[in-house]
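Please open the model in your viewer and display the chain as a cartoon. The tour proceeds by successive selections.

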Amino acid sequence: MKLPLDCDVAIIGGGIIGLSIAVSLQQTGKTVIVIDRFDKLINASRNNAGAFAFADILPLATPQIIRSASKWLLDPAGPLYIHPAYIFSIFPWMVRFWRASWQDKFQKLLQAQASLMALSRDALERQVMELKAEPLLRRNGQLRIYQHKENFDRSAMFWNACSQHNVRYTLLNSAEEIAEIQPGLNSNYEHAGFTPDWINVTDPNHWVQHIKDIFIARGGKWVDKKVDRIFPSQNDVLIKMQEHKVSASFCVVAAGAWSSKLASKIGDKIPLDTERGYNVTLPNSDFDLKTHLTFAEHGFVVSTINQAIRVGGAVEFAGLTRPPNFNRADALLKKAENFMPGLLNGSGYDRWMGFRPSLPDSLPVIDYSSFSKRVLYAFGHGHLGLTQAAGTAELVRDLMLGQNPAINLSAFSVKRF
Ligand SMILES: Cc1cc2nc3c(=O)[nH]c(=O)nc-3n(C[C@H](O)[C@H](O)[C@H](O)COP(=O)(O)OP(=O)(O)OC[C@H]3O[C@@H](n4cnc5c(N)ncnc54)[C@H](O)[C@@H]3O)c2cc1C
């Protein structure tokens with residue numbers, strides 16, 4: 001006898017990607033269950049820098065980054081670190097990353113990234129209207145600041161890509177022009193670009209919680225468990241947890257940096273790894289932050305989270321199980337203080353480490369499993385999960401409904417590796 005299904009769709013992962021997909025599917029009348037082992041502390045979506053970084057269309061693997069990486073690796077307080085015990089594990093990922101920086105590949109990846117960004121920009125506005133979420137946004141733009149003139153000159157590649165893909169910006173060439181947008185910075189800064197359409201959330205934790213609350217209010221079910229395995233068959237998918245199971249017509253794997261473990265049990269080998277990142281949040285800082293700041297040469301950003309200031313960034317390759325090394329967060333803070341005098345006035349701060357789910361070509365996987373059309377993948381958004389969540393949700397919805405997706409998805413295919 002055929003047993004009734006528990007739901008139309010089971011989504012594994014209740015981060016920003018899984019929840020955005022969940023509410024988007026609810027709009028089409030599907031019954032949805034989200035399964036998450038729920039640990040607020042490790043959830044990257046609730047603790048990130050809170051930026052819809054629509055200007056960041058360049059894939060990470062550029063020839064410039066490859067050159068800077070070797071310099072950064074020699075600096076113990078630098079923005080890039082590989083744990084010695086992890087060098088062997090990360091080596092194949094690094095080779096792919098390097099290959100992604102070659103001109104032929106790079107141009108294709110840039111086109112794909114720009115198309116997902118453009119869709120995500122529009123999709124976010126639709127999502128904000130639908131979820132009545134405007135009060136949770138800040139529309140104050142981004143100031144991208146350069147300490148050294150030669151680095152500003154090298155950033156022409158970034159600004160040219162912005163021009164080609166309709167990202168508005170203004171270049172600034174004096175400390176006075178910069179101070180008009182962000183007063184109080186160290187006056188050594190004379191070069192910057194301002195991107196007015198950059199948006200931030202007031203707090204990524206509130207943003208995710210808002211979407212979760214709406215999901216539940218619309219009849220969605222949240223299962224607080226760890227998924228061990230997925231068993232797709234001809235007519236349904238069985239999702240197995242410890243002492244519990246759920247059956248659904250479709251399953252979406254949106255489990256962030258842990259997704260490839262589940263995919264590999266079905267047979268899809270995907271070179272997902274994690275770029276660990278750090279944040280320091282200062283609840284009482286005196287610095288009057290007017291906009292989102294990006295210190296591109298130094299690999300960190302500064303944003304307002306509620307009434308606090310958050311300094312975040314760094315990339316650490318050390319896998320999913322090693323404990324954080326908060327010296328990296330302290331190094332970020334020290335650097336930021338040099339550029340933002342007064343940042344540390346006021347007492348106390350919190351430090352956090354999270355797991356970016358990263359693929360070596362900087363694009364996520366948005367596709368069916370190679371082994372079952374009943375399993376869809378939506379993971380690997382790296383530095384841009386918040387930014388691309390609304391766009392990803394629309395694409396997954398289209399795939400599930402058998403409609404033509406709004407952009408060409410070949411660059412996001414599971415078979416590209
Ligand atoms: C320091 C830092 C700053 C960042 N700043 C930004 C930013 O400003 N803008 C931006 O766009 N992006 C930013 N990011 C990246 C962004 O946070 C991630 O890309 C995004 O959160 C990924 O979302 P996700 O839903 O895929 O994964 P996650 O948020 O990690 O969610 C995955 C969920 O899956 C669950 N899960 C995993 N395995 C299982 C399992 N087996 N069973 C059940 N549940 C499971 C986990 O519990 C988790 O809740 C930043 C990241 C870091 C680390």
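The stops below run from the whole chain to the ligand and then to a small sheet.

**The whole chain.** Begin with everything selected, bearing in mind that this is a predicted model. The cartoon contains 12 helices and 20 strands. Along its principal axes, the C-alpha trace spans about 75 × 45 × 40 Å. The radius of gyration is 21 Å, which agrees with the value near 22 Å for a compact globule of 417 residues. Of these 417 residues, 47% are buried. Among contacts with a separation of 6 or more, 76% join residues 24 or more positions apart.

**The ligand.** Next, select the ligand and the 42 residues that surround it. Which residues are the closest? They are Gly13, Gly15, Gly256, Gly277 and Gly385. Colour the elements that each supply at least two residues of this shell: the helices α1 (16-26), α2 (44-47) and α12 (385-401), together with the strands β14 (273-282) and β18 (350-358). If the shell is then coloured by residue class, 19 residues appear as nonpolar, 18 as polar and five as charged.

**A three-stranded sheet.** Now select β3, β9 and β5, which form an open sheet in that order with antiparallel pairing. The edge strands, β3 (51-52) and β5 (137-138), each pair on one side only. Zoom in on β5 and β9 (residues 199-201), where two bridges link the strands in the antiparallel sense. Which residue of β9 stands opposite leucine 137? Valine 201 of β9 occupies that position.

Definitions and conventions
Residues are numbered from 1 along each chain as its sequence is written. This is a predicted model: local features need pLDDT of at least 70, side-chain atom pairs count only at pLDDT 80 or more; totals for chains, interfaces and linings use all residues. A residue is near a molecule or strand if its C-beta atom, placed from the backbone, lies within 6 Å of it. Helices (H or I, at least four residues) and strands (E, at least two) are DSSP runs, numbered from the N terminus. Ala, Val, Leu, Ile, Met, Phe, Trp, Tyr, Cys and Pro count as nonpolar, Asp, Glu, Lys and Arg as charged, and the others, Gly among them, as polar. Two strands pair if DSSP finds at least two bridges between them. The radius of gyration is taken over C-alpha atoms; the globule rule is 2.2 Å times the number of residues to the power 0.38. A residue is buried if 20 or more other C-beta atoms lie within 10 Å of its own, exposed if 12 or fewer, and partly exposed in between; C-beta atoms are placed from the backbone. Two residues are in contact if their C-beta atoms, placed from the backbone, lie within 7 Å.
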